[in-house]
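Open the model in your viewer and keep the selection panel at hand. This tour goes stop by stop.

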Amino acid sequence: MCGNHKLHLGKYLPQVIDGIGGEIDFVILDTVHTMPGEGLDFLAMLPYLKMGAVVVLHDVTYNQLKPQNFNGHATTALFSAVTANKFLNFIPDDGRSRYVYPNIAAFQINEQTVMNIENVFLTMILRWTYLPSQGEINLYRTHYQRYYPPELCAIFNEAVKMNLYNLVMANYG
């Protein structure tokens, strides 16, 4: 086994990231693609990534691929909001493909990523497709409080409140 690969089925990133350790240099982030999905995990892992780490995202155009993927924009939001060196591998336009925009993208962590992380926290304000359990929200909240200033944690807390209200109203309103 190369590096520090571990299988953690049934656990959330804040529960296992300490065991994985810091100075991570490569990540493939491929979660649920709907809000708050990828943003939750990226914010949890950023303190463990070394400068120059590469984060690969799958399904950056997920919401465009099929009508039923309408809410699948979490990866797109993360890629758009993060300040980093960004990489896209455009598909050559051979006239047969509907789109030439790539569905896989990557970015490389730099000092600006950390300095402008507020932009990623602000994506949490977007309407969520699902509401994580209170236990899961508390795991992420506690984790963020370890690494981020109170004003960024306040953005997360407000996003949770807004989305809880909106999801409850959508189901019962």
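## A turn after the second strand

Select D59 first: this residue sits in the loop between β2 (49-58) and α3 (62-65). The model is a predicted one. Check the backbone here. D59 is not a glycine, yet its phi is positive, at about 70°. Is D59 buried or exposed? Its relative accessibility is 8%, so D59 counts as buried, the cut-off for that class being under 20%.

## The loop from β1 to α2

Move to H33. This histidine lies in the loop between β1 and α2. Its phi is near 70°, a positive value in a residue that is not glycine. Colour by accessibility if you like. H33 has a relative accessible area of 6% and is therefore buried.

Stay in this loop and select P36, which is placed between β1 (24-29) and α2. Now show the backbone from M35 to P36. Which form does the peptide bond take here? The bond is cis, and omega is near 10°.

## Helix α2

Next, select residues 37-45, which make up helix α2. How many of its residues are buried? The count is 9 of 9, so the helix is mostly covered. The run of buried residues begins with G37, E38 and G39. L40, D41, F42 and L43 are also among them, as are A44 and M45. Keep A44 highlighted for the next stop.

## H143 and its contacts

Jump to helix α7, residues 134-147, and pick H143 within it. H143 has a relative accessible area of 2%, which means that it is buried. What does H143 touch, neighbours within four places in sequence left aside? Show P14, I17, A44 and Y48: H143 is in contact with each of these. A44 is the residue you left highlighted, one of the buried residues of α2. This contact therefore joins two buried residues, H143 and A44.

## A nonpolar patch on the surface

Finish on the outside. Switch to a surface view and select L131, L164, V168 and Y172. Together they make a nonpolar surface patch of about 390 Å². Zoom in on L164, which lies in helix α8, residues 150-172. How accessible is L164? Its relative accessibility is 38%, so L164 counts as partly exposed. That class runs between the buried cut-off of 20% and the exposed cut-off of 50%.

Key:
Residues are numbered from 1 along each chain as its sequence is written. This is a predicted model: local features need pLDDT of at least 70, side-chain atom pairs count only at pLDDT 80 or more; totals for chains, interfaces and linings use all residues. Side-chain values use heavy atoms; hydrogens and water are left out. Helices (H or I, at least four residues) and strands (E, at least two) are DSSP runs, numbered from the N terminus. Buried means under 20% relative accessible area, exposed over 50%, partly exposed in between (1.4 Å probe, protein chains only). Contact means heavy atoms within 4.5 Å. Patches are made of residues with over 30% relative accessible area and no salt bridge: like charges are joined within 9 Å, nonpolar side chains (Val, Leu, Ile, Met, Phe, Trp, Tyr) within 5 Å. Accessible areas come from the Shrake-Rupley method with a 1.4 Å probe; for residues, only the protein chains shown count as cover. A salt bridge is a side-chain nitrogen of Lys or Arg within 4 Å of a carboxyl oxygen of Asp or Glu.
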